[in-house]
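Hi there,

Here is the structure I promised to pass on to you. Please have a look at it first, and my notes follow below.

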Amino acid sequence: MSLKGNIWIPRLLTGTSVIFVLLTLVLPLAVVMAEALGSGLDLYMRAVTDTYTAKALHLTLAATAAAVVLNTFFGLAAAWVVTRFSFRGKGVLSTVVDVPFAVSPVIAGLVFILTFGRLSPLHPFLEACGIKIVFAWPGIILATVFVTFPFVARELIPVLEARGTDEEQAAALMGAGFFTIFRRVTFPHIRWALLYSVILCAARAMGEFGAVSVVSGHLRGKTNTLPLHVEILYNEYRFADAFAVASILAVAAIVILAARNVVEYAAHKEEETNVR
Amino acid sequence: MYVELENINKYFKEFQAARDISFNIRQGILAALLGPSGSGKTTILRMIAGLEHPDSGDIFIDGTRVNEVEAGRRGIGFVFQNYALFRYMNVFDNIAFGLSVKKERPAAIKSRVSELLELIGMEGMEKRYPAQLSGGQKQREAFARALAPNPKLLLLDEPFAAIDAKVRRELRIWLRDMIRRLGITSIFVTHDQDEAIEVADEIIVANNGRIEQKGSPEDLYKSPATPFVASFIGESALLENYRVLKGFESETRGFSGAVRPEFVKIFTGEETIQYENSVEDAAVERIAFRGAFLEVVLNIKGMTFPTRYSLEKTPIAAGDRVRALVYRLYAFDGDRAFLLHNRNLDNSGAGNIYNI
């Protein structure tokens, strides 16, 4: 019997997917919202506007912004180098880009402790300069940047690869310099992919827990990010507060998802009208 | 000489793409770099443009050595094989790019672009994107874009390869006439000998990273210097041992050779033949109708000779025994080719092979 003829196979597959999505994504999200608002709006507002929550939100946004800015820059550079030049060790570089995906975030955090913490040979030097990385905000930013590093590069490499270099060569032959070529020829090809990857990078940076948890030291009001704050509240049995703070992250995630869809739609539309 | 290459060598890892290449091109000439794929022709073009760099040797453009001159400063217009049009720019911005990079005034850019749009017959299409153009329009746009900054030299990499066969002929005549009209020195790369013969003033034949021969299309066709040129340009059939043929027994140069269809004449039974002593017995292997003539493949002493036969003459059929006279052939001796005349004919009689 042909696959098309059997009406039960698509129904079964659709049903399974819907049940899976309901159980693993929609239900938990609904629970978060329900629990957050379950003890009344007053309590919710108090938890959300709490000083420590505000500070945690602030730090999370700062780390996210730093990760997005730095990784956009590094990701562009890495993708450009990997797709536009051939050199010894290029294969190694494109593998190294993926390391943060392969390594557990907790291990990444530990690596930073070992590299910059008190056990590190670098520590006396850092201390002499008055730089504190571990158990301070630079460590949190470093951990966040590390964990989200591959997003931009990974998204751009296939796009740059597929576009090829002939338009850039044509521009160079007409005497255009590097920045002119990048701005006028290369960038239009990658702008949607770049925006898309920045959105994914932001989403990941906001929710980062493992690596940040290790380097943070959990100093409330100082090195606490939103995900860490949720954990602390939960461990203190302040469930309503914990869910209220978690709901901020949930709302942010939904906003980001919506942004992602808008970008995807816009990119698709542009491809259809102007470009092949 | 306008463009000069002297002893150019180029390696890609182990592969030698250019072997001691030297040639030159006069100003105002439209030259073809002709060769099969892997012959090194595109590499040569890209080295002239500055997109590749020779491992040794010198390149001169207009008397200046350009080896160390950046591609963007050589004053070259380049038309890429797939055009490499800027996909996110419309026709106007594509053509204007080279001028805007040079910081020309917007008014000057505008007038130059409209001039070029008129030249390529694409007025009114300024706002279109490359994806909205046909293959021929894209090619013309690429041509205009390359010409916009008034280059001294125009290079074209397989300019007709991406166009379907119907439009191709039309477009190559258009391009040839346009280049002649503008008088710009141009070099184009092609693997298609018909294209090179039809379009170019001068053909440079490349093979295995070497230059086999340079000359006018007629020169290359009439007196190929190497076995490769003899078999690559025009129609020809290889002969394993030409010295067994009557009139060529006393030759001393090599054994193998090649023969063109017009070098052989077929005689049927009732004709009187002037050179009875040098006529060969031949078997008609195949006949194909080609419109104005018949293409007849003969077998003479075990070797295959493709020839032409007039429809006005006594009809012949596959399997017939006929007689044939081989007026001339190319003898191959090492890497040289020589045109040999049948020694049994007095030269006056077989003078013009093209009138048989």
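**What turned up**

Let me begin with a pair in chain B: Arg46(B) and Glu52(B) form a salt bridge, with their closest N and O atoms 3.5 Å apart. By salt bridge I mean a side-chain nitrogen of Lys or Arg within 4 Å of a carboxyl oxygen of Asp or Glu. Arg46(B) and Glu52(B) are both buried, where buried stands for under 20% relative accessible area, exposed for over 50%, and partly exposed for anything in between (1.4 Å probe, protein chains only).

Before going on, please note that this is a predicted model, in which local features need pLDDT of at least 70 and side-chain atom pairs count only at pLDDT 80 or more, while totals for chains, interfaces and linings use all residues. Residues are numbered from 1 along each chain as its sequence is written, chains are lettered from A and ligands numbered from 1 in the order in which they are written, and side-chain values use heavy atoms, with hydrogens and water left out.

**More salt bridges**

Over all chains, the structure holds 25 salt bridges. One network in chain B is made by salt bridges that share partners, and it joins Arg169(B), Arg172(B), Asp192(B), Glu195(B) and Glu198(B).

In chain A, Arg238(A) has a salt bridge to Glu236(A) at 3.4 Å, N to O, and another to Asp241(A) at 3.0 Å, N to O. How do the three residues sit with respect to solvent? Arg238(A) is partly exposed, at 35% relative accessible area. Glu236(A) has 33% relative accessibility and therefore counts as partly exposed, whereas Asp241(A), at 14%, counts as buried.

**The sheet in chain B**

Chain B has an open sheet of five strands in the order β13-β17-β14-β15-β16, with antiparallel pairing. Helices (H or I, at least four residues) and strands (E, at least two) are DSSP runs numbered from the N terminus, and two strands pair if DSSP finds at least two bridges between them. The edges are β13 (264-267) and β16 (303-310) of chain B, each of which pairs on one side only.

Starting from the β13 edge, β13(B) pairs with β17 (residues 321-326) of chain B over four bridges in the antiparallel sense, and Val264(B) stands opposite Val326(B). Further along, β14 (residues 280-289) and β15 of chain B are antiparallel over six bridges, with Val284(B) opposite Leu298(B). These two strands form a hairpin with three residues between them, and Gly291(B) in the turn has a positive phi of about 90 degrees.

β15(B) also pairs with β16(B), antiparallel over eight bridges, and here Phe293(B) stands opposite Ser310(B). This hairpin has two residues between the strands, and Lys301(B) takes a positive phi near 50 degrees. Six of the eight residues of β15 (residues 293-300) of chain B are buried, so this strand is largely enclosed by the rest of the structure.

**Cavities and a pocket**

For the empty space, a 1 Å grid was laid over the protein atoms alone: a cavity is a set of points where a 1.4 Å probe fits but cannot get out, a pocket is an open set with protein on both sides within 12 Å along at least five of seven lines, and lining residues have an atom within 4 Å of a point. Grid points are joined across faces, edges and corners, and a volume is the space filled by probe spheres set on the points.

The whole structure has two cavities of 30 Å³ or more. The largest cavity has a volume of about 70 Å³, and residues from both chains line it, including Leu173(A), Met174(A), Phe78(B) and Arg145(B). β6(B) gives the most to this lining, with three residues.

The second largest cavity holds about 50 Å³. Its lining includes Thr60(A), Ile140(A), Met206(A) and Pro227(A), and α3, α8 (137-148) and α11 of chain A each supply at least two of the lining residues.

Finally, the largest pocket contains about 560 Å³ of space. Of the 20 residues that line this pocket, Phe85(A), Glu168(A), Gln169(A), Ala172(A) and Ile181(A) are the closest to its centre. Two or more lining residues come from each of α3 (51-84), α10 (166-173) and α11 (178-207) of chain A.

Happy browsing, and best wishes!
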